[in-house]
Amino acid sequence: MTHSTTLKATIVTAMFAPLPAFAMANDTTNVLMLAITLGGFSLFNLLLNGLFYFTGKYHRRNFAKMHTLIAIIPAVIALFVALIYFDTAGAISMNIGVIIVSVGLSLLPLQLNLSANKAPTKNSALIIAFAAILLLLCAYYITPIAVFAIACAHVALVSQADIKVKFISLATLAIAYSYLGYWAYKIIQLS
């Protein structure tokens, strides 16, 4: 290979290799918004994975499958958004990368199910209900976190017949649903 051929190959490679960098030209805000939203969801989903694993909820394979199916929904929605709304190859490739990572993290409950040895204890539902309260307190500052509080409260509600856990779960559900409803009302009112 001559020196000029090597230089041409390097220039062509440099132009096509960093396609995600070209996403910053036109779609910067949209790319970052999708990445931050999906990344935030994946972070809180990881917290729920740890909570459910250590409380023994992944001992049942059906629970792990259901959690995986629910967790993969935002990644599928993000895939459709990326394919429909982004025009440049850089923006699409960058978002596909974020979506692939999110799908991988969403499939984690199936892997955790394989190593889940301990069954839920009698305090598992109470721990999950308290986690729902903590997430609800966080939702005071970042409202979409209320979705995770709702998920924890529903899991705690169906897990235990204890009146204390049921009361905590129902109270959390009532507050979180009303809080999300008020937030949606304000968003609709502003638009």
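This is a dialogue about reading helices, their packing and buried residues in a predicted model.

Trainee: Where should I begin, and how many helices and strands does the protein chain have?

Mentor: Begin with the secondary structure, keeping in mind that the model is predicted. The protein chain has nine helices and zero strands, and, read from the N terminus, its elements follow the order α-α-α-α-α-α-α-α-α.

Trainee: What share of the residues count as buried, and what supplies the exposed surface?

Mentor: Of the 191 residues in the protein chain, 32% count as buried. The chain exposes about 11,600 Å², and 75% of that area is supplied by carbon and sulfur atoms. As for contacts, if we take those between residues at least 6 apart in sequence, 75% join residues at least 24 apart.

Trainee: How are two packed helices described?

Mentor: In general, two packed helices are described by the angle between their axes and by the distance between those axes. Here, helix 8, which covers residues 146-159, packs with helix 9, residues 163-190, at an angle of about 155°, and their axes are 9 Å apart. Because an angle over 145 degrees counts as roughly antiparallel, helix 8 is roughly antiparallel to helix 9. The crossing of these two helices is left-handed.

Trainee: Which residues make the contact between helix 8 and helix 9?

Mentor: On the side of helix 8 they include Ala-146, Ala-149, Ile-150, Ala-153 and Leu-157, while on the side of helix 9 they include Val-165, Lys-166, Leu-170, Leu-173 and Tyr-177. When the residues of this contact are sorted by kind, 13 are nonpolar, three are polar and one is charged.

Trainee: Let me turn to a single residue; is Asn-95 buried or exposed?

Mentor: A residue counts as buried when its relative accessible area is under 20%. Asn-95 has a relative accessibility of 0%, and therefore counts as buried. This residue lies in helix 5, which spans residues 89-106. If we set aside residues up to four places away in sequence, Asn-95 touches Val-31, Leu-34, Ala-82 and Phe-86.

Trainee: Could we read Ser-102 in that way too, asking where it lies and which residues it is in contact with?

Mentor: Ser-102 lies in helix 5, and its relative accessibility is 2%, so Ser-102 counts as buried. Apart from neighbours within four places in sequence, Ser-102 is in contact with Leu-38, Ser-42 and Ala-75.

Conventions. Residues are numbered from 1 along each chain as its sequence is written. This is a predicted model: local features need pLDDT of at least 70, side-chain atom pairs count only at pLDDT 80 or more; totals for chains, interfaces and linings use all residues. Side-chain values use heavy atoms; hydrogens and water are left out. Axes are lines fitted to C-alpha atoms, for helices over the stretch in contact, and angles run from 0 to 180 degrees between N-to-C directions. Helices (H or I, at least four residues) and strands (E, at least two) are DSSP runs, numbered from the N terminus. Angles under 35 degrees count as roughly parallel, over 145 as roughly antiparallel, 65 to 115 as roughly perpendicular and the rest as oblique. A crossing is left-handed if the near helix is turned anticlockwise from the far one by less than a right angle, and right-handed if clockwise. Contact means heavy atoms within 4.5 Å. Ala, Val, Leu, Ile, Met, Phe, Trp, Tyr, Cys and Pro count as nonpolar, Asp, Glu, Lys and Arg as charged, and the others, Gly among them, as polar. Buried means under 20% relative accessible area, exposed over 50%, partly exposed in between (1.4 Å probe, protein chains only). Accessible areas come from the Shrake-Rupley method with a 1.4 Å probe; for residues, only the protein chains shown count as cover.
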